[in-house]
Amino acid sequence: MGGVATITKDLENEIRRYLFGQLPEADEERLELRLLSDPAFVEEFDTVVDEVTDQYVRKELEASEQKGFEKSYLTTAEGQQKVRFTSELLERAASERGAPVVKPIPHPGFFERLGAFWQVQSLRLAAIAAAVTMIAGGGYLALRPAMNYAPLALSISTATRAQGSAPAKVKLESGVPGVEVNLAIPEQAKGAKDYRVKLVSGDESEQDLPIEKRDDQTVTIRIPASSLSPGQYAIKMFRLTPDGSFTRIQGSYFFNVE
């Protein structure tokens, strides 16, 4: 990759700390926003991700790095895909050489959870019914079917795209009131008593979004069409911690409005 020749040691260390969940929240946000706007940085980021993934599969990371990598980057879809792909390559190479096969560090239910997530999302989208909101006052009755909202299902990511694919896209037709988004709660953040959600626009402005509903697997929000012009967007999620404060969940949910 072209980023191999230009990436500095300081930048490489910062990306590695991000992948291990060791960066302060402000630095995490700055790095993620740069991923949204700097294609050259995305290439450098992917280079470091490939190196760390290879070290993880070969069991070459320190214990603290391994644990942090599993709790942060490996909770994302692209992280899981990279580990699986790298594992298969190393196993094939070892088999051809007749050498012992290097197995990745066990992570029970790792890819099974990924498949289960997409199955849940498919069922959820198929089950969305036309709910009616009734507002009575002065003899006026307004009806708004829930199906008018454009549906979108997203999983959390630490990059602008999964390997080989782009962020989810949504097109708002005339008359559509907005987008209803189902956000998959990452494994390390499940079980929290409450969550908060913010929408980040391309100009880095942020907007708090009310949560419509949630369960053990997903948080559902609605974004009004008035808040969405064509461009790139990110959604940040926060979880309530036992001490009563809200902590940012690493990564963002990315999508494009056409």
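**Briefing: helices, sheet and hairpin**

In the hairpin of strand 6 and strand 7, with 5 residues between the strands, Glu204 has a positive phi near 75°. Helices (H or I, at least four residues) and strands (E, at least two) are DSSP runs, numbered from the N terminus. This is a predicted model, in which local features need pLDDT of at least 70 and side-chain atom pairs count only at pLDDT 80 or more, while totals for chains, interfaces and linings use all residues. Residues are numbered from 1 along each chain as its sequence is written, and side-chain values use heavy atoms, with hydrogens and water left out.

**The chain as a whole**

- The protein chain holds 7 helices and 12 strands.
- Of its 258 residues, 43% count as buried; that term means under 20% relative accessible area, with exposed meaning over 50% and partly exposed in between (1.4 Å probe, protein chains only).
- Carbon and sulfur atoms own 51% of the accessible surface of about 13600 Å², an area that comes from the Shrake-Rupley method with a 1.4 Å probe, where for residues only the protein chains shown count as cover.
- Taking contacts (heavy atoms within 4.5 Å) between residues at least 6 apart in sequence, 69% join residues at least 24 apart.

**Helices 2 and 3**

- Helix 2 (residues 9-19) has Leu11, Glu12, Glu14, Ile15, Arg16, Tyr18 and Leu19 buried.
- Helix 3 (25-37), helix 4 and helix 5 are among the elements that cover these buried residues of helix 2.
- After helix 2 comes Gly21, with a positive phi near 70°.
- Glu29 lies in helix 3 and counts as buried because its relative accessibility is 19%.
- Leaving aside residues up to four places away in sequence, Glu29 touches Glu206, Lys236 and Arg248.

**Helices 4 and 5**

- Helix 4 (residues 39-57) packs on helix 5 (residues 63-71) at an angle of about 115°, and their axes are 11 Å apart. Here axes are lines fitted to C-alpha atoms, for helices over the stretch in contact, and angles run from 0 to 180 degrees between N-to-C directions.
- The crossing of helix 4 and helix 5 is left-handed: the near helix is turned anticlockwise from the far one by less than a right angle, whereas clockwise would make it right-handed.
- Helix 4 brings Val52, Thr53 and Tyr56 to the contact, and helix 5 brings Gln66, Phe69 and Glu70.
- By class, the residues of this contact are 3 nonpolar, 2 polar and 1 charged (Ala, Val, Leu, Ile, Met, Phe, Trp, Tyr, Cys and Pro count as nonpolar, Asp, Glu, Lys and Arg as charged, and the others, Gly among them, as polar).
- Glu51 also sits in helix 4 and counts as partly exposed because its relative accessibility is 34%.
- From C-alpha to C-alpha, Glu51 and Arg16 are 9.6 Å apart, with their positions 35 residues apart in sequence.

**Strands**

- An open sheet of 4 strands runs in the order 3-5-9-8 with mixed pairing; two strands pair if DSSP finds at least two bridges between them.
- Strand 3 (150-154) and strand 8 (211-214) are its edge strands, each pairing on one side only.
- On average, neighbouring strands of this sheet are turned by 20° against each other, ignoring direction.
- Strand 5 (residues 178-184) pairs with strand 9 (residues 218-224) in the antiparallel sense over 7 bridges, and Glu180 has Arg222 of strand 9 as its bridge partner.
- Back at the hairpin, strand 6 (residues 195-200) and strand 7 (residues 206-209) are antiparallel partners over 4 bridges, with Val197 opposite Leu209 of strand 7.
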